[in-house]
Amino acid sequence: MNQKALTILEYHKIIDLLCDRASSGPGKELCRSLLPLTDLSEIRAAQSNTRDALSRLMKKGGISFGGNRPLGRSLSSLEIGSCLSAPELLSIAGLLENANRVKTYGRRDREDSPEDTLDVYFDAIEPLTFLAQEIRRCILSEEEFADDASTTLKHIRRQKLLTNEKIHSQLNSMVNGSLRTYLQDAVVTMRNNRYCIPVKAEYKGQVPGMIHDQSSTGSTLFIEPAAVVNLNNQLKELELKEKEEIERILADLSTQTSEYVPAIAENQRILTQLDFIFAKGSLALEQNGSEPLFNREHYIHIRKGRHPLLDKRKVVPIDISLGKDFDLLIVTGPNTGGKTVSLKTLGLFTLMGQAGLHIPAADRSELSIFTNVFADIGDEQSIEQNLSTFSSHMKNIVTILQQADQDSLCLFDELNAGTDPTEGAALAIAILSWLHERGIRTMATTHYSELKVFALSTPFVENACCEFDVETLSPTYRLLIGIPGKSNAFAISGKLGLPEQIIDKAREQISADKESFEDLLTSLEQSRITIEKEQMQIASYKSEIETLKNRLQAKNEKIDESRDRILRKANEEAREILQEAKAVADETIRIFQKAGPGASMKELEKTRSQVRDKINQKNEKLTLKSTVPAPKTLKPEQLKLGDSVKIVSMGLKGTVSSLPDHKGNLFVQCGIIRSQTNIKDLILIDEPDIVTPALTRTGTGKIKMSKSFSVSPEINLLGKTVDEAIAILDKYLDDAYLAHLPSVRIVHGKGTGALRAGVQNHLRRCKYVKSFRLGEFGEGDAGVTIAEFKK
């Protein structure tokens with residue numbers, strides 16, 4: 001790969017970002033050596049590794065490879081039988097412990113989890129846990145060994161401790177005893193690793209022993225008393241034995257470790273590779289990168305690409321296409337509009353993709369394989385080589401033309417700028433034509449209008465521009481392919497305050513053809529902006545319609561679900577009510593059958609009250625809680641015989657047939673049923689006026705309900721002929737209607753069915769009968785007809 005292009009496109013900065021995410025020294029070195037690949041299978045394998053590392057990072061979080069340190073020299077020493085130092089053995093233990101953590105991290109959570117390309121690395125790790133534990137057991141730190149490293153070492157250190165105690169005991173007795181007056185300070189100190197006491201110089205003859213040191217003034221001598229010389233010698237011998245034992249322990253650990261040198265080296269290689277792969281995954285996670293698709297047809301399609309070195313919160317995503325419908329893309333437009341960033345984005349994405357790195361772009365972005373990427377970007381002026389900007393650029397372009405082939409990607413920024421515009425434009429067209437004829441994928445930026453015309457008139461060459469908002473004098477950084485750009489020099493100058501007459505004078509210097517071309521570009525730009533706004537409005541409307549559709553669908557589904565739930569609950573409650581009603585009815589029938597004809601009325605009334613209480617309890621459970629305030633409790637003086645009342649718990653209407661006693665109990669006549677209840681369960685009701693269609697000929701047609709309240713809600717026509725029954729029924733219906741009964745029960749029996757037919761024919765002709773039906777189970781079945789009056 002062309003090294004100059006790597007530098008110009010700032011590929012090294014991407015490598016720096018990658019190195020920052022590696023956690024071990026060997027991993028960082030491997031990151032620093034990463035270069036773009038040219039073999040498609042190797043590129044796809046590298047991309048797969050990055051993808052799988054990214055997936056694991058998102059599911060499990062990060063893993064550190066900090067225990068992976070360079071061990072090449074230590075492993076080489078083990079291979080030739082050398083003994084390792086404590087720090088070297090601790091480094092090997094740290095690597096093995098790190099390998100164990102990494103292997104645990106790499107285990108799949110479930111057996112059915114899909115395998116990925118990293119499994120082979122995790123499976124190949126051999127942690128050698130027993131060896132790491134043995135090293136840690138013996139060596140506590142680089143300067144400290146455990147007492148339990150060996151029995152000999154433990155015994156030596158116990159002897160050292162006892163000897164130290166003896167020395168301190170004797171010296172303390174001297175310091176605090178007979179020698180106290182000869183001492184400078186009552187302390188025990190060490191000189192040359194031997195215990196001494198500070199003696200005043202004038203008393204050195206009073207303290208027999210060896211002089212090891214004196215103070216800077218000479219007033220204090222540090223003497224080792226003769227009484228502890230032997231003990232100090234013993235202590236020195238024990239220290240030498242301790243050192244020999246530690247060297248023996250290190251040799252033993254080195255021997256054990258040397259048996260596993262190949263496994264340790266392989267672990268280090270795998271950990272280094274995994275650190276490198278997870279660094280790529282971490283960079284992809286940080287940049288919100290995606291895996292690009294690759295092809296061999298030199299076709300590039302970048303979707304919502306963001307330059308990886310710019311702030312991802314501020315950079316404007318761009319779409320770039322090259323190589324399918326056109327192999328040469330010419331980008332025009334004003335300075336600082338994003339042309340160079342677009343150029344570098346294309347080149348850097350190509351390098352990153354071929355290096356196995358994910359690119360910060362939308363999914364399904366597509367890249368191709370190029371054996372070389374050439375770039376001519378920036379100011380190449382060189383004072384040392386006595387080259388102008390144009391000369392240095394031209395020298396670079398000559399090199400590119402000599403080396404580029406069909407598998408190359410060429411990028412030019414401000415092609416042939418810095419020279420005469422006419423000659424520069426002609427030369428630029430010639431260079432681009434040469435590349436275009438050879439099918440070399442090329443992207444170039446320019447200010448030359450001639451190149452816009454060249455792109456419009458040449459097949460497989462396309463114009464593009466970086467959008468610029470003239471109103472705000474700021475670029476939008478959007479790359480628009482298929483639209484030639486304008487420099488907008490006149491508009492920008494006018495906005496910045498350049499007098500209008502100067503701008504008009506400048507316009508006169510432009511030929512009619514060029515002015516017409518610029519006007520055409522302006523018209524195209526305005527049309528594009530209008531179309532984009534309309535497309536955005538249409539997209540907004542579509543999104544709103546889709547949202548409303550989804551809401552309506554969700555609402556309908558919720559309503560259907562609620563309806564099904566309510567119906568299901570209602571059916572269950574109805575079934576429970578029927579079962580409870582059947583149980584109460586069965587119990588009542590059983591009680592009355594058991595009582596027989598000679599039963600006491602008092603007992604039967606008691607039983608009936610108990611049944612009624614059960615019914616009331618069921619009614620209370622079934623009664624819906626009303627938000628309407630409960631009616632006020634009636635007082636005994638408010639009731640009189642014949643008042644119309646309603647029994648709340650039973651939902652029945654009737655008339656008062658007895659006044660309440662001292663407990664508030666009274667009887668209410670509900671049709672043929674005389675029910676005992678309490679005044680607390682009653683409410684007064686107003687009887688409305690009744691309009692009687694059959695009596696409209698008298699007065700206003702309205703009468704007050706004055707008929708006797710003893711009209712029965714039931715009539716028995718059994719044994720009557722049809723004519724007799726109809727005469728009796730007609731009179732009975734009039735009385736019942738005037739008594740304001742809501743419905744009546746007509747008993748005609750089953751028999752041949754003639755009486756039933758006559759009764760129902762009469763009911764059909766009766767004007768104040770609303771409807772009628774045969775009785776249901778418990779009402780008399782087909783032997784009874786229930787008639788309901790109009791209100």
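**Reading strands and helices in a predicted model**

Me: Let's start with Ala-455, which sits in helix α15 (residues 449–457). Is Ala-455 buried or exposed?

Reply: Before the answer, keep in mind that this is a predicted model. Ala-455 counts as buried, because its relative accessibility is 4% and the cut-off for buried is under 20%.

Me: Which residues does Ala-455 touch, leaving aside those up to four places away in sequence?

Reply: Ala-455 touches Ile-330, Val-461, Glu-462 and Asn-463. You can also look at Ile-429, which is 26 residues from Ala-455 along the chain. The C-alpha atoms of Ala-455 and Ile-429 are separated by 9.5 Å.

Me: Ile-330 leads us to a strand. How should I read the two faces of a strand?

Reply: Here is the general idea: in a regular strand, side chains alternate between the two faces of the sheet. Now take strand β10 (residues 328–332), where 5 of its 5 residues are buried. On one side of β10 are Leu-328, Ile-330 and Thr-332, on the other Leu-329 and Val-331, and both faces are covered.

Me: And which residues make up the covered and uncovered faces of strand β9?

Reply: In β9 (residues 318–322), Ile-318, Ile-320 and Leu-322 form the covered face, while Asp-319 and Ser-321 form the uncovered one.

Me: How do I read the pairing between strands?

Reply: In general, the strands of a sheet pair through backbone hydrogen bonds, and they may do so in parallel or antiparallel fashion. For a parallel case, go back to β10: 5 bridges join β10 to strand β14 (residues 441–446). Within that pairing, Leu-328 stands opposite Thr-442. β10 also pairs with strand β15 (residues 461–469), again in the parallel sense, over 5 bridges. There, Ile-330 has Asn-463 of β15 as its bridge partner. You have met both names before, since Ala-455 touches Ile-330 and Asn-463.

Me: Where can I find an antiparallel case?

Reply: Try β8 and β9, which pair in the antiparallel sense over 4 bridges. Ile-300 has its bridge partner in β9, namely Leu-322, a residue on the covered face of β9.

Me: What is the strand order in the open sheet of 5 strands?

Reply: The order is β20-β19-β18-β17-β21, and the pairing is antiparallel. At the edges are β20 (673–678) and β21 (682–684), each of which pairs on one side only. Neighbouring strands in this sheet are turned against each other by 45° on average, with direction ignored. To look inside the sheet, follow β18 (residues 652–656) and β19 (residues 665–670), which run antiparallel and are joined by 2 bridges. Thr-655 finds its bridge partner in Gln-669 of β19.

Me: Which value of phi does Lys-304 have, and in which strand is its place?

Reply: Phi of Lys-304 is near 50°, a positive value in a residue other than glycine. Its place is in β8 (residues 300–305), and Lys-304 is partly exposed at 47% relative accessible area. Asn-192 also has a positive phi, near 55°, and is likewise a residue other than glycine. Asn-192, however, lies in the loop between β3 (189–191) and β4 (194–200). With a relative accessible area of 60%, Asn-192 is exposed.

Me: Now for helices. How do I describe two that pack together?

Reply: As a general rule, two packed helices are described by the angle between their axes and the distance between the axes. Take α2 (residues 11–20) and α11 (residues 261–286): their axes come within 8 Å and cross at roughly 110°. α2 and α11 are therefore roughly perpendicular to each other. The contact involves Ile-14, Leu-17 and Leu-18 from α2, together with Phe-276, Ala-279, Lys-280 and Leu-283 from α11. These residues divide into 6 nonpolar, no polar and 1 charged.

Me: How are α20 and α21 placed relative to each other?

Reply: Helix α20 (residues 722–738) and helix α21 (residues 754–765) pack at about 40°, with axes 10 Å apart, and are therefore oblique to each other. Their crossing is right-handed. From α20, Val-722, Ala-725, Ile-726, Leu-729, Asp-730 and Leu-733 meet Ala-754, Leu-755, Gly-758, Val-759, His-762 and Leu-763 of α21. The contact residues divide into 9 nonpolar, 2 polar and 1 charged.

Key:
Residues numbered from 1 in each chain as written. Predicted model: local features only at pLDDT ≥ 70, side-chain atom pairs only at ≥ 80, totals over all residues. Heavy atoms only, no water. Pairing = 2+ DSSP bridges. Axes fitted to C-alpha atoms, helices over the stretch in contact; angles between N-to-C directions. Buried < 20%, exposed > 50% of the residue type's maximum accessible area, 1.4 Å probe, protein only. Parallel < 35°, antiparallel > 145°, perpendicular 65-115°, else oblique. Contact = heavy atoms within 4.5 Å. Nonpolar A, V, L, I, M, F, W, Y, C, P; charged D, E, K, R; others polar. Left-handed = near helix turned anticlockwise from the far one by under 90°.
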